[in-house]
Amino acid sequence: TTPAASVGLPLPTAAAERTEPARARAQMLPAGLVPRREADGRFGLAVAVPAGAFGSRAAAPVERVSGLQPAAAAKIFLAGGLCSSVAHTLLVPLDVVKTRLQTEPPGTYSGPLDCARSLAASEEGAAAFLQGAGATAFGYALAGACAFGLLEVFSRAINEAAGAGNSLFFSTPLLALASACATAFCAAVVCPFEAVRIGAVRNGASSLAAVQQIVADEGAAALYRGLGPILLKEVPFVVTKFVVFDRVAALLAAALPDAQGGALLSVGLPLAAGSVAGLFAALASQPADTLLTLTNEEGATLGSATSRLAAEPRLALQGLAPRGLFAMLLSSLQFLIYTRLRDLFGVSKADLTLVWDALATIQAGPIGR
């Protein structure tokens, strides 16, 4: 018989596979990581492995993400753009109410319902709830593509630079860093569209009329006047959204192991985790969202908006209720649509993950016989 401790499993490196036969540059696993046959006939490791050492779902296989090919990257960007555009456009009526509550003087409306009734009774009628929808749909298609697509790109690059060990034990900080990097690009894309949306809602005009008025009155540079507040708003919002979603989704998946792969979990998990992530994201970014709205008022600057918010701190709470609801619905819809589209396009996380099957490399027969 061959003792289990004396058996080594070849673990070829990617460089070795490219330059010479794998066996010539094979690395050997430590004896403690060589599977051995237990008394019950199953294979196990010679050392105790702490729960969760290989992932948040405990004893998960050793995995590595595959290279991101241009076609797969394009599909991920497309899925991100579609999910964000559809989700934001469906929720435009809630965003209109939130923006009106922030732009009108305090006391104009008694609450979100009173604001909604006033909008419905206005000259525009039901069309008032669709103000800025055009800018929202197009702008957030670009923003969503950048947010979700660049998150995938930056996550891979940052994890590769950090190394396998750091990626395992510092997954949350690295995810937050990747989210912040993606958001910086996203903010530059969405800034002019956000300015047009706010102008359309404030003046009761179409998106086209709003952009023409802003450019005519203040010049094209005014479209980027809110870039600073957008960064202050979007960085905490997006980082909180992705980090909380990742943690909550992992907890739910660990709590429901028997439901893995089922239709109920595939739909319920992104909805539930997305709702929690959206609520925390709204709370983290509410003051900056108010600052963004104040900055986009005619003639306002970041300094004047900050001074006004400091003089009237209660303004930071205006629109929090509809924005919180908006963020919960938005995040849950985004993650649901995004995960389903990635499955449909064949670029889900499972499709882009390589799993190392240690037992498949054993060629000397059963261990321990």
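This passage walks through a predicted model of a single chain, from its overall make-up to one helix pair and a handful of individual residues.

To start with the broad picture, the chain holds 12 helices and 4 strands. It runs to 369 residues, and 40% of them count as buried. The surface it exposes comes to about 18400 Å², with carbon and sulfur atoms supplying 66% of that area. Contacts across the sequence are a big part of the story: among contacts with a separation of 6 or more, 75% involve residues 24 or more positions apart.

How far the model can be trusted varies along the chain. The average pLDDT is 78, and 79% of the residues score at least 70. Helix 2 comes out on top, with a mean of 93, while helix 1 (residues 14-19) sits at the bottom with a mean of 48. Residues 1-14 stay under 50 throughout, although the model still gives this stretch 26 contacts beyond four places in sequence. A second weak patch covers residues 55-59, where pLDDT is again below 50 and the model shows 8 contacts beyond near neighbours in sequence. Where pLDDT is low, the predicted coordinates should not be read in detail. The contacts listed for residues 1-14 and for residues 55-59 are best taken with that in mind.

Helix 2, the highest-confidence element, is a good place to look at packing. Spanning residues 70-90, helix 2 packs against helix 12 (residues 320-345) at an angle of about 145°, and the two axes lie 8 Å apart. The crossing of this pair is right-handed. On the helix 2 side, the residues taking part include Ile-76, Leu-78, Leu-82, Cys-83 and Val-86, and among their counterparts on helix 12 are Phe-326, Leu-330, Leu-333, Ile-337 and Leu-341. Lys-75 and His-88 of helix 2 also belong to this contact, as do Gln-334 and Arg-342 of helix 12. Sorted by type, the contact residues of the two helices divide into 14 nonpolar, 4 polar and 2 charged.

Two further residues of helix 2 deserve a closer look. Ala-72 belongs to helix 2 and, because its relative accessibility of 12% falls under the 20% cut-off, counts as buried. Leaving out residues up to four places away in sequence, Ala-72 touches Val-347 and Leu-352. The C-alpha of Ala-72 also lies 8.5 Å from that of Phe-345, even though 273 residues separate the two in sequence. Ser-85 is likewise part of helix 2, and its relative accessible area of 14% makes it buried as well. Beyond its neighbours within four places in sequence, Ser-85 is in contact with Ala-137, Tyr-140 and Ala-141.

Elsewhere, three residues fall into the partly exposed class. Arg-202 is in helix 7 and has a relative accessible area of 27%, so it counts as partly exposed. Along the chain, Arg-202 and Val-96 are 106 residues apart, yet their C-alpha atoms are separated by 9.0 Å. Phe-170 sits in the loop between helix 6 (164-169) and helix 7 (171-203). At 44% relative accessibility, Phe-170 is also partly exposed; its C-alpha is 9.5 Å from that of Asn-159, which is 11 residues away in sequence. Thr-306 is found in helix 11 (residues 302-311). With a relative accessibility of 39%, between the 20% and 50% limits, Thr-306 is therefore partly exposed too. Thr-306 and Pro-229 are 77 residues apart in sequence, with 9.8 Å between their C-alpha atoms.

Terms used: Residues are numbered from 1 along each chain as its sequence is written. This is a predicted model: local features need pLDDT of at least 70, side-chain atom pairs count only at pLDDT 80 or more; totals for chains, interfaces and linings use all residues. Side-chain values use heavy atoms; hydrogens and water are left out. Axes are lines fitted to C-alpha atoms, for helices over the stretch in contact, and angles run from 0 to 180 degrees between N-to-C directions. Helices (H or I, at least four residues) and strands (E, at least two) are DSSP runs, numbered from the N terminus. A crossing is left-handed if the near helix is turned anticlockwise from the far one by less than a right angle, and right-handed if clockwise. Contact means heavy atoms within 4.5 Å. Ala, Val, Leu, Ile, Met, Phe, Trp, Tyr, Cys and Pro count as nonpolar, Asp, Glu, Lys and Arg as charged, and the others, Gly among them, as polar. Buried means under 20% relative accessible area, exposed over 50%, partly exposed in between (1.4 Å probe, protein chains only). Accessible areas come from the Shrake-Rupley method with a 1.4 Å probe; for residues, only the protein chains shown count as cover. pLDDT is the predictor's confidence in each residue, from 0 to 100.
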